[in-house]
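Here's a quick briefing to read alongside the structure. Have the viewer open and click through the residues as you go.

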Amino acid sequence: MNRNHIFNKALNLTHQEINRKVAIHEAGHAAAIYLGNKQKKLPPIFFQIFITSVNDDFQSSRFSSKSDTKYIANIDGGRLIHTLPSSIEETTDGFSLAQKIAYQCAFEADMINILAGPLAEAKYIAQRDRELINSGLIQLNDLHYFGGTSDLEKIREYLECFIANSALREQKITALFLAAFSFVNERSNWRAITALADYIVSEGKSVIECNEIIDVLETANNEPTV
């Protein structure tokens with residue numbers, strides 16, 4: 001799950017704001033991977049968050065104030081399906097019904113977790129700009145504007161080996177999109193996402209370890225709702 005930010009001076013964004021957007025995006029992925037999979041009773045999976053910055057002049061500049069800095073963030077690990085098959089039907093041939101259901105659930109969970117990153121960023125931007133956001137106001141292709149280009153490419157790869165029929169693919173991605181939006185929008189999940197983003201920005205680390213991520217998510221997710 002890669003997150004690339006390239007901003008030019010015309011956007012007039014501070015480096016703190018760029019970092020916050022990156023952090024929210026990756027925190028959305030991370031929260032879905034840990035909390036979302038846990039809610040679905042899926043097996044735990046190891047992952048880390050890596051965040052680096054590279055200037056156009058190729059000089060390393062972590063949290064640089066230059067507005068032409070390119071921030072690259074990605075989650076290492078976090079997939080239930082480690083290698084995509086050419087066809088899910090061929091792969092599950094010979095599986096029991098329970099095994100097929102489990103495999104499909106893992107497939108769908110991975111896609112929801114991928115979508116959660118750009119959707120978290122979209123929610124953050126809407127809140128920052130005091131705009132309304134709901135599942136009827138944002139469409140799948142809009143995620144390109146929230147760092148979701150590589151995420152949408154991964155979704156396409158998943159869907160191609162998941163469902164052969166294009167009409168059924170559209171139905172499935174719509175359902176997964178709504179599920180991802182619902183996850184991000186749920187109050188305790190959003191609290192966990194923003195808490196992890198705060199941690200990423202405040203710590204200023206290039207690597208956020210799995211145990212750190214889980215501690216922050218669990219603490220924030222279990223806070224009583226006021």
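Helix 6 and helix 7 sit oblique to each other in this predicted model, because their angle of about 135° falls short of the cut-off of over 145 for roughly antiparallel and lies outside the 65 to 115 range for roughly perpendicular. Their axes are 8 Å apart, and helix 6 passes helix 7 in a right-handed crossing. The rest of the briefing goes through this contact, a second helix pair, the nonpolar core and a few single residues.

**Helix 6 against helix 7**
- On the helix 6 side, the contact is made by Ser 188, Asn 189, Arg 191, Ala 192, Ala 195, Leu 196 and Tyr 199.
- Helix 7 answers with Glu 212, Ile 213, Val 216, Leu 217, Ala 220 and Asn 221.
- Sorted by class, that contact comes out as 8 nonpolar, 3 polar and 2 charged residues.

**Helix 3 against helix 5**
- Here the packing angle is about 55°, and the axes are again listed at 8 Å apart.
- That makes helix 3 and helix 5 oblique to each other too, because 55° is not under 35 degrees and does not reach the 65 to 115 range.
- The crossing of helix 3 and helix 5 is right-handed.
- Helix 3 brings Gln 104, Glu 108, Met 111, Ile 112, Leu 115, Ala 116, Leu 119, Ala 120 and Lys 123 to the contact.
- From helix 5 come Lys 172, Ile 173, Leu 176, Phe 177, Ala 179, Ala 180, Phe 181, Val 184 and Asn 185.
- The class split for this contact is 13 nonpolar, 2 polar and 3 charged.

**The nonpolar core**
- In soluble globular proteins, nonpolar side chains tend to be buried together.
- In this model, the largest nonpolar core has 65 residues.
- Ile 49, Phe 107, Leu 115, Leu 119, Ile 138 and Leu 196 have the most contacts inside that core.
- Elements giving two or more residues to the core include helix 1 (15-39), strand 2 (47-54), strand 3 (70-77) and helix 4 (149-162).
- Helix 3 gives the most, with 15 residues.
- If you want one residue to click on, try Ile 49: leaving aside neighbours within four places in sequence, its contacts include Ala 30, Ile 75, Leu 196, Ile 200, Val 207 and Ile 213.
- Ile 49 also touches some residues outside the greasy set, among them Glu 26, Asn 74 and Ser 206.

**Buried or partly exposed on a helix**
- Ile 114 lies in helix 3 and is buried, with a relative accessible area of 0%.
- Ile 114 and Gly 148 are 34 residues apart along the chain, with their C-alpha atoms separated by 8.9 Å.
- Ser 182, in helix 5, counts as partly exposed at 46% relative accessibility.
- Ser 182 and Ala 116 are 66 residues apart in sequence, yet 9.4 Å apart in space, C-alpha to C-alpha.

**Two loop residues with positive phi**
- Most residues other than glycine have a negative phi.
- Lys 41, in the loop between helix 1 and strand 2, has a positive phi near 60°.
- At 75% relative accessibility, Lys 41 counts as exposed.
- Arg 130 has a positive phi as well, about 55°, although it is not a glycine.
- Arg 130 lies in the loop between helix 3 and helix 4 and counts as exposed at 81% relative accessibility.

Technical notes:
Residues numbered from 1 in each chain as written. Predicted model: local features only at pLDDT ≥ 70, side-chain atom pairs only at ≥ 80, totals over all residues. Heavy atoms only, no water. Core = buried A, V, L, I, M, F, W, Y, C linked by side-chain atoms within 4.5 Å. Buried < 20%, exposed > 50% of the residue type's maximum accessible area, 1.4 Å probe, protein only. Helix = DSSP H or I, 4+ residues; strand = E, 2+ residues; numbered from the N terminus. Contact = heavy atoms within 4.5 Å. Axes fitted to C-alpha atoms, helices over the stretch in contact; angles between N-to-C directions. Left-handed = near helix turned anticlockwise from the far one by under 90°. Nonpolar A, V, L, I, M, F, W, Y, C, P; charged D, E, K, R; others polar.
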